[in-house]
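Got the viewer open and the cartoon on? Here is a walk through the model, one selection at a time.

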Amino acid sequence: MKITVVGSGYVGLVTGGCFAEIGHDVVCTDSDLNKIRTLEEGKLPIFEPGLDKVFEKNRRESRLHFEADAAKAVRDAEAIFICVGTPPLPNGDADLSAIDSVARVIASETQGAKLVVEKSTVPAQTGQGLKRALEIYGRRRNAKFLVASNPEFLREGTAVGDFLHPDRIVVGVEDRAAERQLHEIYRPVLEQKFNCPVHSSKCPAYEPPAWMVTTINSAELIKHASNSFLALKISYANLVADLAEKLGADIEEVLEGVGKDARIGMSFFRAGLGFGGFCLPKDLQAFVRLGERWGVDFALLREVEKINQGRISRVVEKIRKAAWVIRGKKVAMLGLAFKANTDDIRYAPAIELVDRLTTEGALVRSYDPEALGRTREVRPQYDLASSAYEAAEGADVLVIATEWPEFRKLDWARIRDTMARPLIIDGRNLLVPAEMKALGFEYHGIGRHEEESLQGSQ
Ligand code: UDX
Ligand code: UDX
């Protein structure tokens with residue numbers, strides 16, 4: 001099928017690449033002409049494991065194209081997926097102006113019937129607004145729009161696998177024709193019939209995805225309610241971690257014991273620096289605002305936000321207790337991305353931590369395996385190291401702010417020998433405390449019983 005993806009940001013590129021991978025003819029467009037130029041040159045502007053291979057193959061086989069002219073890109077498409085940004089306005093509402101402007105372009109280019117699918121995360125009832133906008137902007141043309149909502153549940157770092165092996169595919173539709181067309185688009189995923197670019201030999205056994213047909217309003221609500229629940233689960237883990245720390249319990253043991261209950265589950269149940277990224281924090285905020293507008297008090301979710309906002313202060317206090325004074329101390333920051341396997345630093349807890357420590361007079365030297373380039377663009381003033389070892393040299397304290405697995409495998413004895421003081425604050429509970437202690441480190445994690453010694457030392 002001929003598919004156009006409008007908005008070639010993170011979600012748009014994964015969506016476009018994966019649709020091409022399962023056999024569709026895809027055009028990606030974006031209002032940022034530089035982005036399209038970069039893509040046309042064969043360069044992928046984001047780091048996402050496996051996506052480069054998908055892009056290379058589908059460009060070579062002429063299933064994936066880039067078009068700067070949005071009007072041209074949407075004109076011949078049978079289905080259009082809207083993946084433009086919906087950033088938060090100062091009051092926390094989602095800014096829907098990009099969706100409105102895309103609707104104008106689509107409406108002015110459409111003759112006959114066209115399926116228009118919103119993939120961007122939007123507050124419930126945006127689909128109705130989109131439908132109205134398309135009808136108004138296209139009223140002088142012989143156009144019929146089938147509007148649908150098809151929320152994405154892609155996690156950065158594993159997005160290609162998430163797209164091809166999802167738990168469920170949710171389509172919010174108003175008529176059978178839209179449902180049929182979407183089913184056709186997703187058929188290879190539903191039947192799991194494609195050469196998987198993620199699992200080179202055989203994909204792990206897995207139940208084929210659930211095909212969920214809902215109203216548009218329900219589909220929109222499912223996305224916001226899912227992300228808010230994930231945020232809630234993480235904040236709950238963090239709150240229990242605070243108590244575990246005080247009581248001398250170990251949060252890793254506690255969460256495992258709780259999460260092994262199948263009704264609760266281990267996933268998204270890790271304590272640490274709190275949740276960041278471009279989705280969870282902003283979707284949570286927008287959901288609270290949506291509730292407010294409709295007279296539903298989401299005090300529960302405001303608390304989730306509050307707990308999350310307090311995480312960085314807690315870690316700063318932890319560093320202060322361990323290092324005594326922050327001003328003038330050399331801090332090695334391992335990790336800048338908001339989580340592992342991505343170069344994305346938007347709303348990254350690590351960035352907030354570096355900013356806070358710097359404001360307090362610490363001399364922070366940071367390293368990240370993938371996010372140095374993006375950090376240089378957004379925070380040119382940062383002192384960046386080209387390896388974890390370089391960042392650690394002469395440091396009074398080393399902080400782990402992103403859970404990159406490779407940090408686990410570092411030569412920690414070498415790091416110990418070059419640090420001014422062998423002190424680790426592990427904001428992601430990535431390392432094994434006993435191993436670090438055996439190597440001669442003073443080690444403090446989050447919600448771990450080592451904290452007793454920290455408190456005792458005050
Ligand atoms: C975005 C949303 O923020 C998220 O809520 C949604 O689920 C999917 O889209 P992401 O892809 O990470 O997520 O955002 P971003 O990287 O900002 O990409 C949006 C793209 O849309 C940008 O490349 C931007 O240039 C483009 N855009 C924006 C348009 O093409 N047209 C516009 O009018 C505005
Ligand atoms: C999220 C949703 O998971 C995805 O379904 C949606 O489509 C987009 O938003 P993403 O933004 O890629 O995906 O990140 P996610 O994996 O959800 O992690 C968000 C943040 O929570 C990260 O900062 C991560 O470090 C943190 N996190 C995650 C925890 O602190 N603990 C956990 O147990 C899991």
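Before the first stop, a word on helix axes: each is a line fitted to C-alpha atoms over the stretch in contact, and angles between axes run from 0 to 180 degrees between N-to-C directions. Keep in mind, too, that you are looking at a predicted model.

**Stop 1: α1 and α3**

Select residues 10-21 for α1 and residues 51-60 for α3. The axes of these two helices come within 9 Å, and they cross at roughly 55°. That angle makes α1 oblique to α3. Turn the pair until one helix lies in front of the other, and you have a left-handed crossing.

**Stop 2: ligand 1**

Keep α1 on screen and add ligand 1. Which helices each supply at least two residues of the shell around it? They are α1 and α5, the latter at residues 97-109. In total, 22 residues surround ligand 1, and the closest are V11, D30, K35, T121 and K282. Colour the shell by class and you get six nonpolar, nine polar and seven charged residues.

Now zoom in on the oxygens of ligand 1. One polar side-chain atom of K282 lies 2.7 Å from a ligand 1 oxygen. The backbone joins in as well: a polar backbone atom of Y10 is 3.0 Å from an oxygen of ligand 1, and for a polar backbone atom of C83 the distance to a ligand 1 oxygen is 3.4 Å. Switch on a surface next: on its own ligand 1 would expose 680 Å², and the protein buries 85% of that.

**Stop 3: α5 against α6**

You already have α5, so add α6, residues 126-137. Their axes sit 8 Å apart, and the helices pack at an angle of about 40°. That makes α5 oblique to α6. As for handedness, α5 passes α6 in a right-handed crossing.

**Stop 4: the two ends of α2**

Select α2, residues 33-40, and start at its beginning. There, a side-chain oxygen of D32 reaches to within 3.0 Å of the backbone nitrogen of N34. Then slide along to the other end. What does the backbone do at G42, just after α2? G42 takes a positive phi, of about 90°.

**Stop 5: ligand 2**

Hide what you have and centre on ligand 2. Around ligand 2 there are 21 residues, with E156, R270, G276, K339 and R428 the closest. Which helix gives the largest share of this shell? Select residues 216-247: this is α9, and four shell residues come from it. By class, the shell of ligand 2 divides into ten nonpolar, three polar and eight charged residues.

Again, go for the oxygens. A backbone N or O atom of R270 lies 2.8 Å from an oxygen of ligand 2. For G276, a backbone N or O atom lies 2.9 Å from a ligand 2 oxygen. R428 uses its side chain instead, with an N or O atom there 2.9 Å from an oxygen of ligand 2. Bring the surface back: taken alone ligand 2 exposes 660 Å², of which the protein buries 93%.

**Stop 6: α13 and α14**

Last selection: residues 311-323 for α13 and residues 349-359 for α14. Their axes are 10 Å apart, and the two helices pack at an angle of about 50°. Angles from 65 to 115 degrees would count as roughly perpendicular and those under 35 as roughly parallel, so α13 and α14 are oblique to each other. Their crossing is right-handed.

Technical notes:
Residues are numbered from 1 along each chain as its sequence is written. Chains are lettered from A and ligands numbered from 1 in the order in which they are written. This is a predicted model: local features need pLDDT of at least 70, side-chain atom pairs count only at pLDDT 80 or more; totals for chains, interfaces and linings use all residues. Side-chain values use heavy atoms; hydrogens and water are left out. A residue is near a molecule or strand if one of its heavy atoms lies within 4 Å of it. A polar contact is a pair of N or O atoms within 3.5 Å; within protein, one must be able to donate a hydrogen and the other to accept it, and residues adjacent in sequence count only if both atoms are side-chain atoms. Accessible areas come from the Shrake-Rupley method with a 1.4 Å probe; for residues, only the protein chains shown count as cover. Ala, Val, Leu, Ile, Met, Phe, Trp, Tyr, Cys and Pro count as nonpolar, Asp, Glu, Lys and Arg as charged, and the others, Gly among them, as polar. Angles under 35 degrees count as roughly parallel, over 145 as roughly antiparallel, 65 to 115 as roughly perpendicular and the rest as oblique. A crossing is left-handed if the near helix is turned anticlockwise from the far one by less than a right angle, and right-handed if clockwise.
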